[in-house]
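Subject: Structure handover

Hello,

Here is the structure I promised you. Please open it alongside this note; my findings follow below.

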Amino acid sequence: MLSIVKNPKNKVYRELLDICFQFCDEFQLVLRTDIDEDVSELENELKVLQNSFTVMKKESEWASTMLDGATADVYYFKTTENAKAILKKMSSSLFEWQMPDLPEDLSFYQNGKVWMSTSSHEELCFIYPQNKLETEKIKTINGLKIEEVED
């Protein structure tokens with residue numbers, strides 16, 4: 001497992017997204033209705049991703065977080081070229097994905113398994129490469145500060 005130890009911004013963030021979209025087939029964004037009941041403005045912002053949208057679930061657990069009894073709206077999207085361009089336009093850094101300005105905790109899945117989990121408020125991000133090729137590809141991002149950690 002790899003831990004991102006410094007917020008990827010600008011070019012580093014865009015290159016990280018390129019790799020996530022290369023290896024993953026789904027991503028998620030979260031609207032924390034347990035914190036702010038009126039998320040209508042953020043719901044409107046997510047409409048730009050409607051061509052990639054697959055499902056919204058009320059969940060108490062997602063890639064990076066487990067709530068104690070409360071639920072949030074977790075939106076799932078297919079990883080398409082259009083969605084990648086939109087995510088690059090909506091934010092210039094990984095940990096910028098925080099309410100109230102943006103949905104939270106941009107995370108990625110590969111074949112139903114968490115591949116990258118982000119907790120933006122905590123500035124935590126873990127990547128779970130499935131093979132050496134994926135690990136090496138991540139390590140080629142110039143400026144990405146990562147550490148290898150035990151699962």
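A word on terms before the findings: contact here means heavy atoms within 4.5 Å. Also keep in mind that this is a predicted model.

The sheet first. Eight strands make up an open sheet, and their pairing is antiparallel. The order is β3-β6-β2-β7-β8-β9-β1-β10. At the edges stand β3 (53–59) and β10 (146–148). Each has a single partner strand, so one side of each lacks a neighbour in the sheet. On average, neighbouring strands are turned by 20° against each other, direction ignored.

Now the β10 end. β1 (residues 2–4) pairs with β10 through three bridges, in the antiparallel sense. Here Ile4 sits opposite Ile146 of β10. Helix α4 (residues 132–139) packs on the sheet and touches β1, β7, β8, β9 and β10. The direction of α4 makes about 150° with that of β10.

Next, helix α1 (residues 10–23). This helix lies across β1, β2 (26–31), β7 (104–110), β8 (113–119) and β9 (124–127). Relative to β7, α1 runs at about 35°.

How do α1 and α3 cross? Their axes come within 10 Å and cross at roughly 155°. Angles over 145 degrees count as roughly antiparallel, so that is how α1 stands to α3. The crossing is right-handed. From α1, the contact uses Tyr13, Arg14, Leu17, Asp18 and Phe21. From α3 (residues 81–90), Ala83, Lys84, Leu87 and Lys88 take part.

Then the interior. The largest nonpolar core has 38 residues. Which members touch the most others? They are Phe27, Leu87, Leu106 and Phe108. Helix α1 supplies the largest share of this core, eight residues. A second, separate core has seven residues, including Val30, Leu67, Ala72 and Tyr109.

Phe108 deserves a click. Leave aside its neighbours within four places in sequence, and its contacts include Leu17, Cys20, Phe21 and Cys24. Also among them are Phe27, Leu87, Val114, Trp115 and Met116. Glu26, Thr79 and Lys113 are in contact with Phe108 too.

One last residue: Glu123, in the loop between β8 and β9. Is Glu123 buried, partly exposed or exposed? Its relative accessible area is 48%, so Glu123 is partly exposed. Glu123 and Ile4 are 119 residues apart in sequence, yet their C-alpha atoms are 8.8 Å apart in space.

Best wishes

Technical notes. Residues numbered from 1 in each chain as written. Predicted model: local features only at pLDDT ≥ 70, side-chain atom pairs only at ≥ 80, totals over all residues. Heavy atoms only, no water. Pairing = 2+ DSSP bridges. Helix = DSSP H or I, 4+ residues; strand = E, 2+ residues; numbered from the N terminus. Axes fitted to C-alpha atoms, helices over the stretch in contact; angles between N-to-C directions. Core = buried A, V, L, I, M, F, W, Y, C linked by side-chain atoms within 4.5 Å. Buried < 20%, exposed > 50% of the residue type's maximum accessible area, 1.4 Å probe, protein only. Parallel < 35°, antiparallel > 145°, perpendicular 65-115°, else oblique. Left-handed = near helix turned anticlockwise from the far one by under 90°.
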